[in-house]
Amino acid sequence: MILVTGGAGYIGSHTLIELNDAGFDFIVLDNLSNSSQEAIKRVEKIINKKITFIKGDIRDKELLRKIFSENEIDSVIHFAGLKAVGESVEKPLIYYENNVCGTNTLLEVMKEFNVKKFVFSSSATVYGEPEKMPVTEDMQTGIGITNPYGKSKYMIEEILKDLFISDNSFKIAILRYFNPVGAHESGIIGEDPSGIPNNLMPFISQVAVGKLPKLRVFGGDYPTKDGTGVRDFIHVVDLAKAHVKAIEYLNNNDLNEPLIVNLGTGRGYSVLEMIESFEKASGVKIPYEIVDRRPGDIAEIYANPNKAKKLLGWEAKRGIKEMCESAWKWQSEHPKGYEKIENEK
Ligand code: NAD
Ligand code: UFG
């Protein structure tokens with residue numbers, strides 16, 4: 001049995017489907033601070049199975065003890081965390097408390113209950129401003145990270161490495177996600193940010209559906225192919241499948257260090273290319289203007305995903321077209337995200 005923390009969130013909810021398809025049992029712990037239980041109900045519909053959902057917090061040690069004592073948990077996939085870059089600059093202590101202290105508490109209780117397999121949602125942000133492209137896992141991390149959110153991911157990676165040194169019966173996978181986008185093909189689950197989206201894809205989707213008037217493109221003078229930022233966008237379903245591979249890897253291999261892998265496609269697309277692709281997928285024109293660079297942004301980052309292919313046998317299969325089409329299906333059929341679904345009941 002796998003404990004999935006943050007399983008009601010964007011990436012977690014998509015991963016539940018893939019875990020179920022691969023025959024894994026799981027329970028979900030989420031405090032719903034950035035998600036809706038409706039996402040779990042939607043996943044139940046897709047997999048045609050009831051999900052054990054616990055509304056609670058990873059920082060609640062007593063609750064964790066109860067969960068570990070009442071369930072035969074052998075591994076944890078840890079998605080739970082706060083992720084808004086700008087908010088983390090405003091509220092650093094909340095981010096360190098939730099992400100770093102929360103993960104520490106979870107690991108303490110895992111150790112208490114002798115649960116040693118751990119898959120962690122890290123981020124390409126740990127590379128800071130990389131010296132060369134594409135990024136490989138052995139490149140330097142921790143230098144030049146511009147916000148507390150990113151630093152919290154780096155700190156957790158360091159905690160995990162130290163934990164392994166102290167107790168090498170832990171089996172740890174650190175997954176460095178690049179830019180997850182898109183939605184499940186059913187169109188009934190997807191990304192549902194609260195308030196005005198920070199990230200490019202949900203912002204474009206909300207412009208396309210008429211919720212927001214126009215996109216601001218942050219920077220048109222980067223040293224990239226068209227002057228706009230370049231990122232390695234990865235379909236959330238591909239990303240979700242990588243978690244199944246990571247769990248299988250931990251189940252089948254002895255590790256002499258934490259496994260660290262990039263999860264990206266290996267291809268960078270610019271902001272303008274994403275707009276163009278979304279326009280094609282949706283048939284809607286996206287009004288935009290090029291404005292100043294966003295503080296803390298880097299020009300370009302994309303993964304070398306070869307390690308994930310070699311060790312996990314995983315590679316991203318879905319391209320930019322499927323990313324945009326699925327994001328559009330979700331957004332156009334649920335313009336108000338899960339809120340609309342709840343109100344319809
Ligand atoms: P999300 O906000 O949709 O999901 C995170 C979930 O964790 C939410 O459902 C939230 O309610 C829950 N949560 C937060 N704090 C909690 C706590 N203390 N106790 C219990 N539940 C808690 O985000 P997501 O996009 O699905 O991201 C999942 C993970 O992947 C996060 O750790 C995030 O930092 C990481 N990540 C995301 C991206 C991205 O661009 N989406 C990129 C790199 C890494
Ligand atoms: N962008 C715009 N306009 C917007 C939003 C974004 O032009 O309204 C641009 C950004 O400047 C950047 C690109 O679109 O060039 C992608 O920006 P996102 O905010 O979508 O993604 P980031 O690469 O900045 O950051 C994301 C997550 C972080 C994570 C990082 C690496 O938000 O949590 O990927 O994994 F750390």
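Reader: How do you know that helix H9 is oblique to helix H11?

Author: In this predicted model, H9 (residues 271-282) and H11 (residues 320-333) pack at an angle of about 60°, with their axes 9 Å apart. Roughly parallel needs an angle under 35 degrees, roughly perpendicular one from 65 to 115, and roughly antiparallel one over 145. About 60° fits none of these ranges, so H9 is oblique to H11.

Reader: What makes the contact between H9 and H11, residue by residue?

Author: On the H9 side you will find Glu273, Met274, Ser277, Phe278, Ala281 and Ser282. H11 contributes Ile320, Lys321, Cys324, Glu325, Ala327 and Trp328. Sorted by class, the contact of H9 with H11 has seven nonpolar, two polar and three charged residues.

Reader: Which hand does the crossing of H9 and H11 have?

Author: H9 passes H11 in a right-handed crossing.

Reader: Now to another pair. Why is H5 called roughly parallel to H6?

Author: Try the same reasoning again. The axes of H5 (residues 92-112) and H6 (residues 148-166) cross at roughly 20° and come within 9 Å. Since angles under 35 degrees count as roughly parallel, that angle makes H5 roughly parallel to H6. The crossing of H5 with H6 is right-handed.

Reader: Which residues of H5 and H6 meet?

Author: From H5 come Pro92, Tyr95, Tyr96, Asn99, Val100, Thr103, Asn104, Leu107 and Lys111. Their partners in H6 are Pro148, Tyr149, Lys151, Ser152, Met155, Ile156, Ile159, Leu160 and Leu163. This contact of H5 with H6 divides into twelve nonpolar, four polar and two charged residues.

Reader: Tyr149 is one of the H6 residues you just named. Which ligand has Tyr149 among its closest residues?

Author: That is ligand 1, which is surrounded by 28 residues. Ile11, Asp30, Asn34, Ser35 and Tyr149 are the closest.

Reader: What makes the pair between Asn34 and ligand 1 a polar contact?

Author: Check the atoms and then the distance. An N or O atom in the side chain of Asn34 is 2.7 Å from an oxygen atom of ligand 1. A polar contact is a pair of N or O atoms within 3.5 Å, so this pair qualifies. You can test two backbone examples in the same way: a polar backbone atom of Ser33 is 3.0 Å from an oxygen atom of ligand 1, and a backbone N or O atom of Phe79 lies 2.8 Å from an oxygen atom of ligand 1.

Reader: And ligand 2: how many residues surround it, and which are the closest?

Author: Ligand 2 has 20 residues around it, the closest being Ser123, Asn199, Arg216, Arg231 and Asp297.

Reader: How do you know that Arg231 makes a polar contact with ligand 2?

Author: An N or O atom in the side chain of Arg231 is 2.6 Å from an oxygen atom of ligand 2. The cut-off is 3.5 Å, so the pair counts. The side chain of Ser123 has an N or O atom 2.9 Å from an oxygen atom of ligand 2, and a polar side-chain atom of Asn179 lies 2.9 Å from an oxygen atom of ligand 2.

Reader: What about the backbone? Where is Pro134, and is the peptide bond from Met133 to Pro134 cis or trans?

Author: Pro134 sits in the loop between strand E5 (117-123) and H6. The bond from Met133 is cis, with omega near -10°.

Reader: What is the phi of Leu32, and where does Leu32 lie?

Author: Leu32 has a positive phi of about 60° although it is not a glycine. Look for Leu32 in the loop between strand E2 (26-30) and helix H2 (37-47). Asn48 also has a positive phi, near 55°, and its place is in the loop between H2 and strand E3 (52-55).

How values were computed. Residues are numbered from 1 along each chain as its sequence is written. Chains are lettered from A and ligands numbered from 1 in the order in which they are written. This is a predicted model: local features need pLDDT of at least 70, side-chain atom pairs count only at pLDDT 80 or more; totals for chains, interfaces and linings use all residues. Side-chain values use heavy atoms; hydrogens and water are left out. Axes are lines fitted to C-alpha atoms, for helices over the stretch in contact, and angles run from 0 to 180 degrees between N-to-C directions. Helices (H or I, at least four residues) and strands (E, at least two) are DSSP runs, numbered from the N terminus. A crossing is left-handed if the near helix is turned anticlockwise from the far one by less than a right angle, and right-handed if clockwise. Contact means heavy atoms within 4.5 Å. Ala, Val, Leu, Ile, Met, Phe, Trp, Tyr, Cys and Pro count as nonpolar, Asp, Glu, Lys and Arg as charged, and the others, Gly among them, as polar. A residue is near a molecule or strand if one of its heavy atoms lies within 4 Å of it. A polar contact is a pair of N or O atoms within 3.5 Å; within protein, one must be able to donate a hydrogen and the other to accept it, and residues adjacent in sequence count only if both atoms are side-chain atoms.
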